[in-house]
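Biologist: I keep hearing words like "buried" and "cavity" thrown around. Could we go through a model together and check what earns each label?

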Amino acid sequence: MDGLSGAASVLAVIDMSAKLTAICFQYSIAAKNAKNAKNDIERIEKKVGDITHILNNLKQLLDRQDKTHLSTTHGLLDSLSQCLRELEDMKVKLDPGKTRKTMSRIGFRALKWPFTSKQVDKIVSDLKGYEQKFTLALQVDQAVLVLNIDQKLDVAKLPVATGASFNSHTDEHNARCLSNTCTTLLHDITQWANDKGGKPVFWLSGMAGTGKSTIARTIAHSFASDGQLGASFFFKKGEGERGNASRFFTTIASDLLKHEPGMLAGVQKALDADSAISQRALGDQFEKLILQPLLGIKQASSPAVARIIIIDALDECEREQDIRVILQLLARTKDIQPVPLRIVVTSRPELHISLGFKEMPNGTYQDLVLHEVPRRTIERDICLFLEYELGAIRKERMLSSDWPATHQIKALVELAVPLFIYAATVCRYVGAKGGDPEDHLNKVLQYPKAAFSQLDRMYLPVLDQLLIEQEERDKQDWLHVFHGLVGSIVILESPLSVGPLARLLQVPQKQVERRLDALHSVLSVPDNKDSPIRLLHLSFRDFLVDPKKQGKSQFWVDERSTHKKLASRCLVLMSGLSGLRQNMCSLSGPGVLRSEIDEKRIARSLSPDLQYACRYWISHLKQSQQDITDGNTMYIFLQKHLLHWLEAMSLMRESSRCVHLLDSLQALTGPSASIAQSFLHDAKRFVLRFQSILADAPLQIYCSAIVFAPETSLIRRTFEHQMPQEVRMLTMREADWDACRSTLRGHSVASASWDKTVRLWEAATGTCRSTLEGH
């Protein structure tokens, strides 16, 4: 299809749509004969108007751009022709045609609406299909054109949180609402999203296990199918960047860009002005990467009522202050045009989140509390879920057709309400491989209800069964390993697969595999050994680390002690033979840029467990509440490996976090640790001064430590012996880090050495340009 025939087809459909809109308007004012069909008339009128809006955008694209680039739009000829035929058929049925003279005598009001509601349903459905095709073509071609107009984003400058999207590979097998469940709630959310006068934020709150994430995932899929989803972020504690707000707004901005390419110019402007915008305060990120680019859009890419953003499990964001800031910033999305936003937030009803919503201006949000939904509705949905899951177990295990009995389903519903996670955990336990489903179901139902909380009744039958299966003499040993292994898994800042986990904990891999085999009911243990082990639900962590269970439950995990152990294991791993050292990737020299280093090379040089240790050892140390003192293990590690650690963080593109992490370490140093305090003070100032060098060229940091650090710096004194004598160049700074003695502009730097050589260096990269010998 060439550009001219494409434009002609678009114009024909636009023209026919305009005629139909005019006819529908005439029907809508014929109150006497059309009053019962008013809603049907408005539905057709709206859908025809939506298609007209999209096709006008397509026409502008065809008029303005080189038509050879519009490959997706050019593929629409058949759909355009078919849509035109259907609109023409509608016009024939709606337009009085040959009876126009009669109509002029007796009036248009005598004409009856020719369609039934069922026929209107089909018309709207067909038109919606065309709308989605035209919208998708428009979005794809707009995105391609914008990217081809020399406005390409550097993806590395807009980092996203891996796995945070609703359709990420990590969570692709997580449940969605079964058909015929949560119907009223899903309808209410859809209606809210499409209400032009609706409030911009919908807060869905509920206690742990009430199905918030399942609902969030379901509506995300639904809005994505309708072409309305703009972005999604599913927080998850213990999943690295998904457990904090550091990449929240950059991920949202990246998602929105895919659907609203008109934002690209604004985002590019922000990155050009500040390449490190992703490291700035949350308010700056929101303003520069989302709000201003949205306000700068001249025309929306879709006539949809609004772009939907789904934010799940906000309570799992690790810093309460960040949560409050996020809520304050979301309130500013009210009345954004031409692309209005509708934001769904799910969370537990934590106090700080409730206060954050109450601080929003009036009319900003509406809320719904899941555990306050009528009990009858929750009972019905949980019953349907149990019947479906246990029915699947019955078929798989070829059990009796009358299993489970009706009274057993009813008893399980009573135990589960209002927690869907209870029902899901029971089904996993009952259907566990190697177990007897009938026996396991009976044990769940026989567990004393009055003596235990709902979380206890969910997890104790599983863990008690595992302990009972051990020989009496082995039970204490089993519990010890359970605390060390499962306790570490639930405390980890980011999940690890079996091999790296075993190396971090210094436990034989086979032992880890054997222990995990029996824990599929409470942990996600993948068959692929390279995939990480994850919590099925945060409530299992809550159950294990609950301070009230100390001394009362044999499965209780001491959170502080576990963090201490993990911090120690990280230090041992980083200090070992396969740990940190200078030039871990065997690069050719200090001038090699990070952008030039192959990712596979980094993966081979820094194992997943070593990367984990580098990222999170300080976090574990902080949560263990240990003090750093002069001469202790932590300080000795820093003296020997600080620059090695900075190199590793640069290789992992994590150098922007180093200042914050060093701040955390400094806060942990005891009042008597004067040397450690001085060292960390110097280290932080050093990283601040050379942050851009650290991010761009991992090995250049070693040259900087010697060449540019003050002579009085502990950093320089500690690492000066590690560099060859030939690069011990003239110190260019006074004792004060910020007092510049002199500035060299437009020149390289020269160094002289005792080996009678003079070398000319590129100051920017640290590479040697030329060498003069014998002088």
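Modeller: Sure, let's start with a cut-off: a residue counts as buried when its relative accessible area is under 20%. Keep in mind that this is a predicted model. In strand β1 (residues 201-205), five of the five residues are buried, so the strand is largely enclosed by the rest of the structure.

Biologist: What makes you say that both faces of β1 are covered?

Modeller: In a regular strand the side chains alternate between the two faces of the sheet. On one side of β1 sit Val201, Trp203 and Ser205, on the other Phe202 and Leu204, and all of them are buried.

Biologist: How do you know that β1 pairs with β4, and in which sense?

Modeller: Pairing takes at least two bridges between the strands. β1 and β4 have five, and they run parallel. For example, Phe202 has Val344 as its bridge partner in β4. With strand β5 (residues 365-369), β1 is again joined by five bridges, also in the parallel sense. There, Val201 stands opposite Tyr365.

Biologist: Okay, now a single residue. Why is Ser494 called buried?

Modeller: Buried means under 20%. Ser494 has a relative accessible area of 18%, so Ser494 gets the label. Ser494 lies in the loop between α20 (475-491) and α21 (498-505).

Biologist: Which residues does Ser494 touch, leaving out those up to four places away in sequence?

Modeller: Those are Gly238, Glu239, Gly240, Tyr612 and Tyr616.

Biologist: And why is Leu355 called partly exposed?

Modeller: Buried stops at under 20%, exposed starts at over 50%, and partly exposed is in between. Leu355 has 35%, so Leu355 falls in the middle class. You'll find Leu355 in helix α14 (residues 351-358). The C-alpha atom of Leu355 is 9.9 Å from that of Leu327, and the two residues are 28 apart along the chain.

Biologist: Let's turn to cysteines. How many disulfides does a search of the whole structure find?

Modeller: Zero. A disulfide is a covalent bond between the sulfur atoms of two cysteines.

Biologist: How do you know that Cys658 isn't bonded to Cys614?

Modeller: Here the sulfur atoms would have to be within 2.5 Å. The closest cysteine sulfur to that of Cys658 is in Cys614, 9.7 Å away, so the gap is too far for a bond. Cys658 is also buried, because its relative accessible area is 0%. Cys317, at 4%, is buried for the matching reason: its value is under the cut-off.

Biologist: What about holes? How many cavities of 30 Å³ or more turn up?

Modeller: Two, in a search of the whole structure. The second largest has a volume of about 60 Å³.

Biologist: Which residues line the second largest cavity?

Modeller: Among them are Phe248, Phe249, Ile252, Phe286, Leu330 and Thr333. α10 (248-259), α12 (282-295), β3 (307-312) and β4 (341-347) each supply at least two residues of that lining. The largest share, three residues, comes from α10.

Biologist: How does the lining divide into nonpolar, polar and charged residues?

Modeller: Ten are nonpolar, one is polar and none is charged.

Biologist: Last one, zooming out: what share of the protein chain is buried?

Modeller: Buried residues make up 51% of its 775 residues. The chain has 32 helices and ten strands. Among contacts between residues at least 6 apart in sequence, 75% join residues at least 24 apart.

Technical notes:
Residues are numbered from 1 along each chain as its sequence is written. This is a predicted model: local features need pLDDT of at least 70, side-chain atom pairs count only at pLDDT 80 or more; totals for chains, interfaces and linings use all residues. Side-chain values use heavy atoms; hydrogens and water are left out. Helices (H or I, at least four residues) and strands (E, at least two) are DSSP runs, numbered from the N terminus. Buried means under 20% relative accessible area, exposed over 50%, partly exposed in between (1.4 Å probe, protein chains only). Contact means heavy atoms within 4.5 Å. On a 1 Å grid over the protein atoms alone, a cavity is a set of points where a 1.4 Å probe fits but cannot get out, and a pocket is an open set with protein on both sides within 12 Å along at least five of seven lines; lining residues have an atom within 4 Å of a point. Grid points are joined across faces, edges and corners, and a volume is the space filled by probe spheres set on the points. Ala, Val, Leu, Ile, Met, Phe, Trp, Tyr, Cys and Pro count as nonpolar, Asp, Glu, Lys and Arg as charged, and the others, Gly among them, as polar.
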